[in-house]
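Visitor: Please show the structure, and let us then discuss the ligand site and the nonpolar cores.

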Amino acid sequence: METMLMTADETTISLAADLWRKGQLVAFPTETVYGLGANALDEDAVKSIFKAKGRPQDNPLIVHIARREQMDDLCIVSPMAEKLMEAFWPGPLTLLLPKKSVIPNVVTASLPSVGMRMPSHPVARALLLKCGLPIAAPSANRSGKPSPTLAQHVWEDMEGRIPLIVNGGACQVGVESTVLDMTSNPPCILRPGGVTPEMLLTVLPQVTVAGSVLRPLHVDEPALSPGMRYKHYAPKGALTLVMGTDENVLPLMKKKYGEAIAKGKTACLLAFDDCLPALAGCHTLSLGQLTHPEEMANRLFDLLRRMDQENIDVIYSQVVPAQGVGLAIMNRLGRAAAFHTLDANEMEKESP
Ligand code: TXA
Ligand code: MG
């Protein structure tokens, strides 16, 4: 199949809406990451999403809408969900709500709840309004790769597999939406994202965070969200997160870099702008400013893809506190590193 990569203008939006009506797949930008969309009410179209991504059938999809009125046909909206929609939609928040029977089981992997999201990206909104259908869309990457934050990333993964990629430039948030389970009491964050726990607590009296957000699932632990079971975002090289104060972290990263190079490996250090001078002489890439973790969120997936393109064997990265959007960053980074960490402060204590 030939894949078209088209700038998001009127013509492209009409074409995309037509393709969706005909049961075809279209990749499109959202404020979080690019999505791979199909008509959520068309079982065959939804099945082709799983095929194009190489995604396991038991991992449910999020349904995207542009208008509040679309909700009542698709799911049951509680008063609390209503408040959250008012506060955070359109935006990077997915609500898990009891589904109605029009939604085919293939969308939710036969779960009784459906993930609903109203994206804020102007191109996503224009597409959803033009077509009028609810659109099921996972991130537009091949399963196991980092989510795409540029049309170029989608091209790398989907060229030849789908008819159209709508190019809307770089995604602003850079990590996927917050997934909030509204069927549990209190509501539970299954996946942290752009809408932070702190923000949710301005509307909800209480919210919990699934235990496995910052650690691997235990062997017998049930995955609340099937997506948690799968290995995610892992670069080919070995990624290690280095915790501790800068005065300990930076010399340790430099030392580890030297050891890798001495063994004939390719290596890269991911560090904040202020720290780059201390790592002079090493191959480094910037995580942006430590004081603006949104910058790290925005570039994280692109950096992980670059590690593969440059065939980097060994990667060390600085970390951020797991607060605000930092929780989403540490969730994605932790998974990418298979939770391999070094505590530079501890190692400093141990060294003679
Ligand atoms: O920002 C986003 O959410 C992007 C854009 C395209 O909207 N979409 C996205 O979709 O990240 P996906 O499929 O890559 O991730 C959806 C996550 C998966 O981990 C899935 O298991 C979980 O949400 N999920 C979806 N529906 C669910 C449900 N009914 N119950 C539990 N988990 C669900
Ligand atoms: Mg995904």
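Visitor: Which residues are the closest to ligand 1?

Guide: This is a predicted model, in which local features need pLDDT of at least 70 and side-chain atom pairs pLDDT 80 or more, while totals for chains, interfaces and linings use all residues. Residues are numbered from 1 along each chain as its sequence is written, ligands are numbered from 1 in written order, and side-chain values use heavy atoms, without hydrogens and water. Ligand 1 is surrounded by 24 residues, counted when a heavy atom lies within 4 Å. The closest are Thr32, Asn59, His64, Arg117 and Ser177.

Visitor: What percentage of the accessible area of ligand 1 does the protein cover?

Guide: Polar contacts (N or O pairs within 3.5 Å) link oxygen atoms of ligand 1 to the side chains of threonine 32 at 2.7 Å, histidine 64 at 2.6 Å and arginine 117 at 2.9 Å. Of the 680 Å² that ligand 1 has on its own (Shrake-Rupley, 1.4 Å probe), the protein covers 96%.

Visitor: Which element supplies the largest share of the largest nonpolar core?

Guide: This core, a set of buried nonpolar residues (under 20% relative accessible area, 1.4 Å probe) joined through side-chain atoms within 4.5 Å, has 47 residues, and Leu95, Leu180 and Leu200 touch the most other members. Among the elements that each supply at least two residues are β3 (35-39), α2 (43-53) and β5 (93-98), where helices are DSSP runs of at least four residues and strands of at least two. The largest share, five residues, comes from α2.

Note on methods. Polar contact = N/O pair within 3.5 Å; in protein donor to acceptor, adjacent residues only side chain to side chain. Buried < 20%, exposed > 50% of the residue type's maximum accessible area, 1.4 Å probe, protein only.
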